[in-house]
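Please open the structure in the viewer and keep the selection tool at hand. The tour proceeds from the whole chain to a few chosen side chains.

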Amino acid sequence: MPALGAGMDVGRIVAWHVEPGDLVHRGDIVALVETDKANIDVEVFEDGIVEELLVEAGVKVPVGTPLARIAASAPETAPTGATMAAAPELATAAAGSEDAAVPEVATAAAASGDAVPEAATAAAAPEVATAAAAPEVATAASEGGSVKHDLADAAASEPPAATSGALDRSGGTSAAGATPTGGPVDEHPFVTSPLVRRQAAEAGVDLTRLRGTGPAGVITRHDVEAAAADLGRTVAAGVVGRATGPSVLPAAEPLVTATSSSPYARRLAAERGLDVGAIPGTGPGGAVVARDVLEVTAEPVPPQAERAPSQLAERAPSPAPTAEPSKEERAIAMRLAIARAMERANRDIPHYYLGETVDVEASLRWLADRNADRPPTERILPAVLVLKATALALQEYPDFNGYWIDDAFVPGEGIHLGVAINLRRGGLLAPAIRDADQRSLDELMAALRDLVQRTRSAGLRGSELTDPTITVSNLGDTGVETIQGVITPPQVALVGVGRITERPWAVDGMLAVRRTTYLSLAGDHRASDGHRGGRFLGAIATHLTRAETL
Amino acid sequence: MNSDELRDLIVEVLSEIAPETDPAAVDPTEDLREELDLDSMDELNLITRVGERLGVDVPERDYPQMRTLESAVAYLSGRLAARAG
């Protein structure tokens, strides 16, 4: 159950939109969840197959409860969807095996005597799935030239898959259940490098039980190392290590090993010199989770320990490649971090407040001229000028666009403005307009109209509630003149806009009447100080006075 | 369309925009934004939908005339009459 708002404690599934066996893609809506504010469409954050729905519709559960188990298949790095197409076929073929897709194919490939399938990878059909595996392979191949024979032995000794006939060798289709085209086996997600195979063989790690977390599902050195660590063994140093995933995520680890356990539990066990396989598990499906490990050593369970495994069980950590983490991996890590931050009770953010009255007469006249020629459906509201001005100012002051997590500022992936929308039945939601700095005023207006409509009726998505990197609160219609807002954790700032009012204004020593608005900034004092905040606010004001440049 | 029909139309549109409210019960001389807690997006939606149904384009400078039920009915009557005439 995701935290869909700061302070949300429980949620109830109103309806499931998927069943076990369904193929899901990142971003698909899988359930409708009722919170105390609204019904929210909850999305899944990775590709995979629904294995089991763990919570029934109608049941209220605390935030953090795993809702479903999804067997993550290889990430769809191939435009042809070759790897995606492979997964479902294999899943059905490998009934009863928890790690559905990978192991059957892995052993079949090994048994087929393709000692160096990865070399074939480079020479295979131009499917991008193989190209994705190639870089990883190229490096290892150059170093593992002499080990091919060893690998052939190791590979041949692995038991052949019973269901080799069901292997889907689709090479170019993207629909689930694609017909085999007899493409080379190297297109499948289990492909690994000769060096990694050798390391696995030496450490006694069964490759068939691993799910690769490298690009296109390649089993990486880190996957083998992690599995070996579980078994209390070490892996011989080999390929020079490369950076793993973002620090927020655990390092690349298989989701399922010989003894089912969460990555966090495995790490805790390894730190304490325990064999995680020997610990009784109380997690989903009998998996060993962090509190099980801590119970063995009779340690108190910190709140984070209980959170982490459920978060990870609910949403499998994204594959962390051995290269720089990709944008999407960082995005997923960010979502996990945000969810954790929001799960905690609203912590005390040390706020500071700044404000400035802005003469917006010129901008409003520009807007009026622009709107005069347009039908109501194409007119832009003044609120949109504020959104764009804020987005542009954030480009110049990115230290206000992001999150305070674990005692550090984490910049947002993009400028996603949370727009405070009043719910007439009481309450407030602030879902995001993503990449606001990239959108024209017309596009922002359309997005705002759509967001308000869905927020007040139905169709708001969970990701829209967790995406904001800052919130803009615009009570400026008939509301008060000034706002001293409360920042939504884990964001670090809130921009407030007051009512537009006419007031006397000094212009070149003469008295004039101008329409003005009061802009305010609430800042998290851990992330920024007043001087910097003042400059940021000034940048918003400057942009706001030049509507024609927005 | 007479005044009562115009009033009913406006109330109907307001019910769509703010379903949690009871637009039929508002004081016709009071600002709708206060009575029904409408913001600028709601106001724009009101003007857009009423305009579409009546075939009347309400320019921004006339928005203030749409802010109470009473003045809105009067304003729209005038626009329709002008168009007919």
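The stops below begin with an overview and then turn to aromatic rings. Please bear in mind throughout that the model is predicted.

**First stop: chain A as a whole.** Select chain A and display it as a cartoon; its secondary structure comes to 16 helices and 19 strands. Of its 550 residues, 54% are buried. Among contacts with a separation of 6 or more, 64% join residues 24 or more positions apart. If a surface is shown, its accessible area comes to about 22,100 Å², and carbon and sulfur atoms contribute 52% of this.

**Second stop: the aromatic pairs.** Over all chains, the structure holds two aromatic pairs. Select A:Tyr397 and A:Phe536: the ring centres lie 6.1 Å apart and the planes meet at 55°, so this pair is tilted. A:Tyr397 is found in the loop between helix 13 (382–396) and strand 9 (402–405), whereas A:Phe536 belongs to helix 16 (residues 530–544), so the pair ties together parts 139 residues apart in sequence. Both A:Tyr397 and A:Phe536 are buried.

**Third stop: A:Phe400.** Keep A:Phe536 selected and add A:Phe400. With centres 4.6 Å apart and planes at 10°, these two rings form a stacked pair. A:Phe400 lies in the loop between helix 13 and strand 9 and A:Phe536 in helix 16, so this pair ties together parts 136 residues apart in sequence. A:Phe400 is buried, as is A:Phe536.

**Last stop: the cluster.** Which residues do the ring pairs link into a cluster? Select A:Tyr397, A:Phe400 and A:Phe536 together to view it.

Terms used:
Residues are numbered from 1 along each chain as its sequence is written. Chains are lettered from A and ligands numbered from 1 in the order in which they are written. This is a predicted model: local features need pLDDT of at least 70, side-chain atom pairs count only at pLDDT 80 or more; totals for chains, interfaces and linings use all residues. Side-chain values use heavy atoms; hydrogens and water are left out. Rings of Phe, Tyr and Trp (its six-membered ring) pair if their centres lie within 6.5 Å; planes under 30 degrees apart count as stacked, over 60 as edge-to-face and the rest as tilted. Helices (H or I, at least four residues) and strands (E, at least two) are DSSP runs, numbered from the N terminus. Buried means under 20% relative accessible area, exposed over 50%, partly exposed in between (1.4 Å probe, protein chains only). Contact means heavy atoms within 4.5 Å. Accessible areas come from the Shrake-Rupley method with a 1.4 Å probe; for residues, only the protein chains shown count as cover.
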